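Reader: I am in my first year and would like to study one part of this model slowly instead of touring the whole. Could you take me through a single loop and then through what lies around it?

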Amino acid sequence: MQVNRLVLGAVAVAALLSACGTSEGAPLAQTTTSTTPTTTTTVAPTTTTTVAPPPTTTTTTTAKPTTTTPKPKPTTTKPKPTTTTPKPAPRPAEGAPCAATADACIDLSANQSWLLQDGKVVYGPVPITHGRPGYLTPPGTFKVGWKNIDHKSSVFNNAPMPHSVFFNGGIAFHQGSLTEKSHGCIHLSPAAAKAFYNALKVGDTVQVVR
């Protein structure tokens with residue numbers, strides 16, 4: 001039994017030598033294992049953040065066409081002064097101290113009156129009386145307003161005023177005294193009052209001068 005154990009041991013040694021690949025009879029090499037510490041460096045993963053550019057909104061604005069009105073050039077020409085030509089004075093009537101445009105003429109200073117047509121005397125002069133102090137007959141140019149053949153004064157106690165021709169408010173030609181002055185009216189003889197009443201119409205011109 002002891003012999004068998006020795007044989008088995010020799011076989012085991014031979015098998016070990018053959019397994020390592022060494023030549024027969026070479027000394028058994030001593031293997032030294034050096035352990036190098038391993039340093040593990042953990043590299044953080046690189047995070048790449050991609051920022052998308054904001055969306056671009058393109059707004060197309062169509063500008064309205066600008067109309068430029070050219071400014072007028074300053075006028076260097078000075079405006080000519082306006083010349084107003086005065087109207088010529090009406091020509092005087094023939095035979096009376098009034099204008100030829102009058103249809104009846106009264107001269108307060110001469111105490112006379114005329115009927116005119118186209119600038120010429122057709123009747124007169126005839127005697128008259130006119131307003132007393134406080135009731136003076138005013139001078140001027142007037143128009144016949146109305147007529148009344150049998151008028152009576154509403155101011156002076158219904159005094160008769162036959163053949164009245166009113167030309168300035170309450171002032172009229174009419175038949176009246178040729179010796180006493182009136183309250184502004186023009187007194188005529190009965191014949192002259194009738195002639196004036198028949199000749200003058202509403203709208204005719206009566207001129208009174210001093």
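Author: Asn 157 lies in the loop between E5 and E6, and Asn 158 is found in that loop too. The model is a predicted one, in which local features need pLDDT of at least 70 and side-chain atom pairs count only at pLDDT 80 or more, while totals for chains, interfaces and linings use all residues. Residues are numbered from 1 along each chain as its sequence is written, and side-chain values use heavy atoms, with hydrogens and water left out. The letter E marks a strand, a DSSP run of at least two residues, whereas a helix is an H or I run of at least four, and both are numbered from the N terminus.

Phi of Asn 157 is near 55°, which is a positive value in a residue other than glycine, and phi of Asn 158 is likewise near 55°. Asn 157 is exposed, with a relative accessible area of 77%, and Asn 158 is exposed as well, at 53%. With a 1.4 Å probe and protein chains only, exposed means over 50% relative accessible area, buried means under 20%, and partly exposed is in between.

The loop also holds Phe 156, which brings us to the aromatic rings. A search of the whole structure finds six aromatic pairs, and one of them is formed by Tyr 135 and Phe 156, which meet edge-to-face at 6.4 Å centre to centre with 75° between the planes. Rings of Phe, Tyr and Trp (its six-membered ring) pair if their centres lie within 6.5 Å, and planes under 30 degrees apart count as stacked, over 60 as edge-to-face and the rest as tilted. Because Tyr 135 sits in the loop between strand E3 (120–127) and strand E4 (140–143), and Phe 156 in the loop between strand E5 (146–152) and strand E6 (160–168), the pair ties together parts that are 21 residues apart in sequence. Both partners are partly exposed, Tyr 135 at 40% and Phe 156 at 34%.

The strands on either side of our loop carry a pair of their own: Trp 146 and Phe 166 are stacked, 4.1 Å centre to centre and with 5° between the planes. Trp 146 belongs to strand E5 and Phe 166 to strand E6, 20 residues apart, so that distant parts of the chain are linked. The two differ in accessibility, since Trp 146 is partly exposed at 39%, whereas Phe 166 counts as buried at 4%. Elsewhere, Tyr 123, Phe 142, Phe 167, Phe 173 and Phe 196 form one aromatic cluster.

Charged side chains come next. The charged end of Lys 147 sits over the ring of Tyr 197, 4.5 Å from its centre; for this, NZ of Lys or CZ of Arg must be within 6 Å of the ring centre and within 35 degrees of the ring normal. Asp 150 and Lys 152 meet in a salt bridge of 3.9 Å, N to O, a term that asks for a side-chain nitrogen of Lys or Arg within 4 Å of a carboxyl oxygen of Asp or Glu. Asp 150 is exposed at 51%, and Lys 152 is partly exposed at 44%.

Phe 156 also takes part in the lining of the largest pocket, which is lined by 23 residues, with Ser 153, Phe 156, Met 161, His 174 and Cys 185 lying nearest its centre. The elements that give two or more residues to this lining are E5, E6 and strand E7 (171–175). Of the residues nearest the centre, Cys 185 counts as buried, at 10% relative accessibility. About 420 Å³ of space lies in this pocket. On a 1 Å grid over the protein atoms alone, a pocket is an open set of points where a 1.4 Å probe fits, with protein on both sides within 12 Å along at least five of seven lines, whereas a cavity is a set from which the probe cannot get out; lining residues have an atom within 4 Å of a point. Grid points are joined across faces, edges and corners, and the volume is the space filled by probe spheres set on the points.

To place the loop in the whole, the chain has two helices and nine strands, running α-β-β-β-β-β-β-β-β-α-β from the N terminus on.
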